[in-house]
Structure formats: C-alpha cells, structure tokens
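Hi,

Here is the structure I said I would pass on. Have a look at it first, and then read my notes below.

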Amino acid sequence: GDLIMDHGEEQIPARAHGATTTFMVRHIPATCTNDILLEEWPADGSWDFLYLPLGSGGKSTLGYAFINFVSEMHAAAFYSSWQGRRLLRFDKGRRLNITAADVQGLEANVRQLKKKPANRLRSRQCRPIIIKNGRE
C-alpha cells in the first residue's frame with residue numbers, strides 16, 4: 001500500500017518507493033488553460049514540469065494536471081496550500097484532489113509524454129510547460 005509522509009498536520013499520500021515530487025491534480029475545471037494555471041501556480045522555481053492534458057478536440061481539459069516539483073519540500077508546500085481548495089478563478093465546482101502521480105520526476109514525465117502521438121502535442125496549449133534553469 002501507499003505510505004503517508006507526515007508534514008505537520010497535512011498528510012501527503014506517498015508512493016511506496018522513492019521521493020514524491022510529481023502530483024496528479026484532479027478536478028481541474030474543463031475551461032482551465034495553461035495560462036490560468038501559470039497565474040495560480042507561478043513559475044517561481046519550485047516546479048519544473050506542468051502538464052494540462054486536453055481532450056481530443058483540444059478545447060477543454062480532461063479534468064486533471066500533472067506538476068513536478070524540484071524537491072519534496074516544495075511538493076509538500078504545494079500540497080498543504082492547494083489540497084481541498086479551488087483555483088481562484090473558479091470559485092464554484094469541485095475542490096482540487098492532489099495525489100502522488102504514477103510517474104515521478106521531470107525526466108520520467110518527459111519520457112512518458114514522448115510516447116504520446118505527436119499530433120496531440122502540436123498546439124501550444126497541449127504542450128507541457130518545462131522550466132530549466134529558470135526558463136521556459
């Protein structure tokens with residue numbers, strides 16, 4: 001089963017092996033975009049990968065996003081801040097549900113995406129945001 005990392009009052013669902021730095025964030029509103037997520041979760045150096053998958057029409061999200069943090073400490077801070085909250089732009093609807101992603105780490109997530117059909121990643125809104133050395 002999953003282990004629980006205890007960070008004060010908040011309990012982060014953790015994987016049985018290794019560090020948890022990548023989260024799957026569920027209940028992202030269908031009309032959300034990368035730009036809105038960047039307003040909510042600015043590229044401040046705490047994370048290096050953000051992916052908001054879009055449906056086949058490319059017009060709406062699939063309701064979840066993946067975000068990878070540069071350290072477990074940054075991941076824990078994000079979890080404490082956002083678990084059970086709503087995105088500020090969307091004050092109605094379901095609250096965010098954050099869990100450890102199956103694929104962990106920047107490199108592993110990039111490898112996973114390269115397995116997807118290329119046409120799914122063509123438009124800017126479909127591509128992940130990857131930050132290296134502070135630059136997109």
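**What I found**

By class, the lining of the second largest pocket has 8 nonpolar, 3 polar and 2 charged residues. Before going on, please keep in mind that this is a predicted model.

Staying with that pocket for a moment: the second largest pocket holds about 150 Å³ of space. Its lining is made up of 13 residues, and those nearest the centre are Asp44, Ser46, Phe69, Phe78 and Trp82. Which elements supply at least two residues each to this lining? They are strand 5 and helix 2 (72-82). Helix 2 has the largest share, with 5 residues.

Helix 2 deserves a look in its own right. Its buried residues are Ala75, Ala76, Phe78, Tyr79 and Trp82. These five span an arc of only 160° around the axis, so they sit on the same side of helix 2. Two of the names should ring a bell, as Phe78 and Trp82 are also among the residues nearest the centre of the second largest pocket. Just after helix 2 comes glycine 84, with a positive phi of about 80°.

Now the sheet. It is open, has 5 strands in the order 6-3-5-4-7, and its pairing is antiparallel. Strand 6 and strand 7 (129-130) are the edge strands, each pairing on one side only. As a reminder, strands of a sheet pair through backbone hydrogen bonds, either parallel or antiparallel.

Strand 3 is the one I spent time on. How many of its 5 residues are buried? The count is 4, so strand 3 is mostly covered. In the sheet order, strand 3 stands between strand 6 and strand 5, and the bridges to each are as follows:

- Strand 3 and strand 5 pair in the antiparallel sense over 5 bridges.
- Threonine 22 has asparagine 68 of strand 5 as its bridge partner.
- Arginine 26 is partnered by tyrosine 64, also in strand 5.
- Strand 3 and strand 6 run antiparallel and are joined by 4 bridges.
- Valine 25 has its bridge partner in strand 6, namely isoleucine 98.

Move on from strand 3 (22-26) and you reach histidine 27, in the loop that leads to helix 1 (34-40). Phi of histidine 27 is near 75°, which is a positive value in a residue other than glycine. Is histidine 27 buried, partly exposed or exposed? Its relative accessibility is 24%, so histidine 27 counts as partly exposed; the cut-off for buried is under 20%.

That leaves the largest pocket, with a volume of about 320 Å³. It is lined by 18 residues, and the closest to its centre are Tyr64, Phe66, Val103, Gln112 and Lys116. Tyr64 is the bridge partner of arginine 26 mentioned above. By class, the lining of the largest pocket divides into 11 nonpolar, 3 polar and 4 charged residues. At least two lining residues come from each of strand 3, strand 4 (47-51), strand 5 (64-69), strand 6 (97-100) and helix 3 (106-114). Which element gives the most? Helix 3 does, with 3 residues.

One last link between the two pockets: strand 5 supplies at least two lining residues to the largest pocket, and at least two to the second largest pocket.

Cheers

Methods. Residues numbered from 1 in each chain as written. Predicted model: local features only at pLDDT ≥ 70, side-chain atom pairs only at ≥ 80, totals over all residues. Heavy atoms only, no water. Buried < 20%, exposed > 50% of the residue type's maximum accessible area, 1.4 Å probe, protein only. 1 Å grid on protein atoms, 1.4 Å probe; cavity = no way out; pocket = protein on both sides within 12 Å on 5 of 7 lines; lining within 4 Å. Points joined across faces, edges and corners; volume = space filled by probe spheres on them. Nonpolar A, V, L, I, M, F, W, Y, C, P; charged D, E, K, R; others polar. Pairing = 2+ DSSP bridges. Arc of directions from axis to C-beta.
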